[in-house]
Amino acid sequence: MANRYWVGGTNSWDSTAGTKWATSSGGAGGAAVPTSSDNVFFDGNSGTPIATITVTANVASIDFTGYAGALAGSNGLNVAGDLTLSASMTLSYSGQIQFTSTTTQNVTTHGKTLSSAVVFNGVGGSWTLQDALTTSGAITLTAGTLTLNGHAVTCPSFSSSNTNTRTLDLTSSTMTLTGSGTVFSCSTSTNLTLVSTGSEIIANDTSASTKTLTLDGETYNKVTFSGAGPL
């Protein structure tokens, strides 16, 4: 496992190393493009560029603490460890973010709204939110444990319909679903452990659209329908 620091200015994250990556903060470029074994850092010494993900990016962890530049692109980002965004960064990235860890990790967004579909998919993996998570893409729990940790989640839809071993811990948290059609789907809850103490799922409709929640017999603490749509 190695560290990779962005020093490439406004440039694309691709399969050609060039001078984009360094092995230390603000160091000389020329290191290899990060792999799933590498921890990636965008920090204060990265400047204020636009870094664009133009191919599928694989990282061990990715940390934007202190970064005031932008992340763009629409190709996938696979994260095997922690994700830490920066409050000072600009986030126009819209690719799918897939968390693939098989151990315990944290997700910290620092108030940034994602434009990404978010997938949690790691056998034995566990992800704990450190603050609120808001995205305009769907959230899917495929395998592993997702713990909201008392924080609010806002997304168009949530799905966890499969037979993989997985846990959804909603304790003292709120999940607000803003999409239309099937906004919450646990139509297959085999091997799903649900912890819902003190939680609320809100189907929030401001467009009078039809929403469907498929719960498959699980017991939820509180489900609220709000907005202009029909019930």
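**Exercise 1. The core**

Which residues of the largest nonpolar core touch the most other members? Work it out on this predicted model, then find the strand that gives the core its largest share.

*Solution.* Start with the membership: the largest nonpolar core holds 51 residues. Next, look for the members that touch the most others, and you arrive at Trp13, Phe42, Leu168 and Phe184. Finally, sort this core by element: strand β15 (residues 118-129) supplies the largest share, with four residues.

**Exercise 2. The enclosed space**

Count the cavities of 30 Å³ or more, then describe the lining of the largest cavity.

*Solution.* Step one is the count, which gives one cavity of 30 Å³ or more. Step two is the volume: the largest cavity has about 50 Å³ of space. Step three is the lining, made up of Phe64, Leu71, Leu77, Leu83, Leu85, Leu91, Tyr93, Ile97 and Leu114. Sorting these residues by type gives nine nonpolar, no polar and no charged.

**Exercise 3. The setting of Gln105**

Is Gln105 buried or exposed? Place Gln105 in its strand and list its partners too.

*Solution.* First, locate the residue: Gln105 belongs to strand β13, which spans residues 104-108. Then check accessibility: Gln105 counts as buried because its relative accessibility is 12%, and buried means under 20%. Now follow the side chain of Gln105, which makes a polar contact of 3.1 Å with the side chain of Ser101. Last, set aside the neighbours within four places in sequence; Gln105 is then in contact with Ala80, Gly81 and Asp82, and also with Ser126, Trp127 and Thr128.

Methods: Residues numbered from 1 in each chain as written. Predicted model: local features only at pLDDT ≥ 70, side-chain atom pairs only at ≥ 80, totals over all residues. Heavy atoms only, no water. 1 Å grid on protein atoms, 1.4 Å probe; cavity = no way out; pocket = protein on both sides within 12 Å on 5 of 7 lines; lining within 4 Å. Points joined across faces, edges and corners; volume = space filled by probe spheres on them. Nonpolar A, V, L, I, M, F, W, Y, C, P; charged D, E, K, R; others polar. Helix = DSSP H or I, 4+ residues; strand = E, 2+ residues; numbered from the N terminus. Buried < 20%, exposed > 50% of the residue type's maximum accessible area, 1.4 Å probe, protein only. Polar contact = N/O pair within 3.5 Å; in protein donor to acceptor, adjacent residues only side chain to side chain. Contact = heavy atoms within 4.5 Å. Core = buried A, V, L, I, M, F, W, Y, C linked by side-chain atoms within 4.5 Å.
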